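Hi there,

Here is the structure I promised to pass on. Have a look at it first, and my notes on the salt bridges follow underneath.

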Amino acid sequence: MRSKHAIQIVGCHAEGEVGDVIIGGVAPPPGETLWEQARWIDQDRTLRDFVLNEPRGGVFRHINLLVPPKDPRAQMGFIIMEPEHTPPMSGSNSICVATVLLDTGIIAMQEPETHMVLEAPGGVIDVRAQCAHGKAQRIFVRNVPSFAGQLDAALDVGGVGRLRVDTAYGGDSFVVVDANAMGFEMAAHEARDIAELGARITAAANAQLGFSHPENPDWRHISFCLFATPPKSGPDGPEVYHAVVIEPGKIDRSPTGTAVSAQLALMHKRDQIAQGVMLTARSLIGSQFQGQIVDQTSVGGHPAIVPEISGRAWITDTRQLLLDPDDPWPRGYRVNDTWPTMP
């Protein structure tokens, strides 16, 4: 076989959401920090297009690039590539990365629990993994500080009317909508309708509400729309259903780790949850993440929480992506029958 590139990938999903991991064939991008490296990948787009576009990828796929960490505390760094964004942090992707590192032996596994420090573009995260029989069985991620933004903000959405929404940051930025008030059961058959409406709500929120991270001037947009049910009491604590719309308009198959973190920040702001109380979030396919507040802090003088989220991930395959020199679509392609067009 002839090829201009050969990229080695371990396939993985966390509670249903694909978070594949590049383990070889790509040199670290330029940049003095992981944030600068992630911005370079985002602006250059060559790698993003090659691994995410058809025929090698698709809108359902996320890809993580392992890189040497910049922070001396960390054992590994990773850069997250989602369909439209190269985000600061991702809960499902960090769970996939940790699982791949341990299950493939890149980082030595210790049973019954392995502790690691990983570095994402948005900051350093502490990870502990419950391990047995050579498998990382559950990953706990001490996420970056998370905080509530606007509460009960008015948002006008064409064809829908005026909504009351919240904004929050959980390692990425969200506009949050009451799913029940929008008439959704939070069932898998509603995914297309939720995705299309969520894309419109995200666009409206960026135009009317905006977002500004108090310590990262580069992050000035709302990435996701979170449809969430009001918390209800469960056997282990409050429970919610989540459907997160990821641009350009797909539903996260997991409950979304950054959304759990944002949800915890909003609930804490409203005195609906105390530190140490477990929150269970379920997705449209019934998968679960759990999260709790483990500390309180501030971000740029803004009150914030430190969340710990947890979930499971499984390796699905190993593969090598190749590029024939004569391939007429070296960066792949997108067609809107499967790749939605953003509003």
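Below is what I found when going through the charged pairs.

Please keep in mind that this is a predicted model. The count of salt bridges comes to 21, and three of the pairs may be worth opening in your viewer.

Let me start with Asp20 and Arg319, whose closest N and O atoms are 2.5 Å apart. This salt bridge links distant parts of the chain: Asp20 sits in strand β3 (residues 20-24) and Arg319 in strand β20 (residues 313-322), 299 residues apart. Asp20 has a relative accessible area of 2%, so it counts as buried, whereas Arg319, at 22%, is partly exposed.

Next come Arg56 and Asp327, which meet in a salt bridge at 3.3 Å, N to O. Arg56 belongs to the loop between α2 (46-52) and β4 (63-67), and Asp327 to the segment after β20, so this pair ties together parts 271 residues apart in sequence. Here Arg56 is buried, at 14% relative accessible area, while Asp327 is partly exposed, at 23%.

The third pair is Arg270 with Asp152, where the closest N and O atoms are 3.3 Å apart. Both residues are in loops: Arg270 between α5 (257-269) and β17 (279-282), Asp152 between β9 (147-148) and β10 (153-157), so the pair ties together parts 118 residues apart in sequence. Arg270 is partly exposed at 30% relative accessibility, and Asp152 is partly exposed at 45%.

Finally, back to Asp20 and Arg319: salt bridges with shared partners join them with Arg61 and Asp317 into one network.

Best wishes

Methods. Residues are numbered from 1 along each chain as its sequence is written. This is a predicted model: local features need pLDDT of at least 70, side-chain atom pairs count only at pLDDT 80 or more; totals for chains, interfaces and linings use all residues. Side-chain values use heavy atoms; hydrogens and water are left out. A salt bridge is a side-chain nitrogen of Lys or Arg within 4 Å of a carboxyl oxygen of Asp or Glu. Helices (H or I, at least four residues) and strands (E, at least two) are DSSP runs, numbered from the N terminus. Buried means under 20% relative accessible area, exposed over 50%, partly exposed in between (1.4 Å probe, protein chains only).
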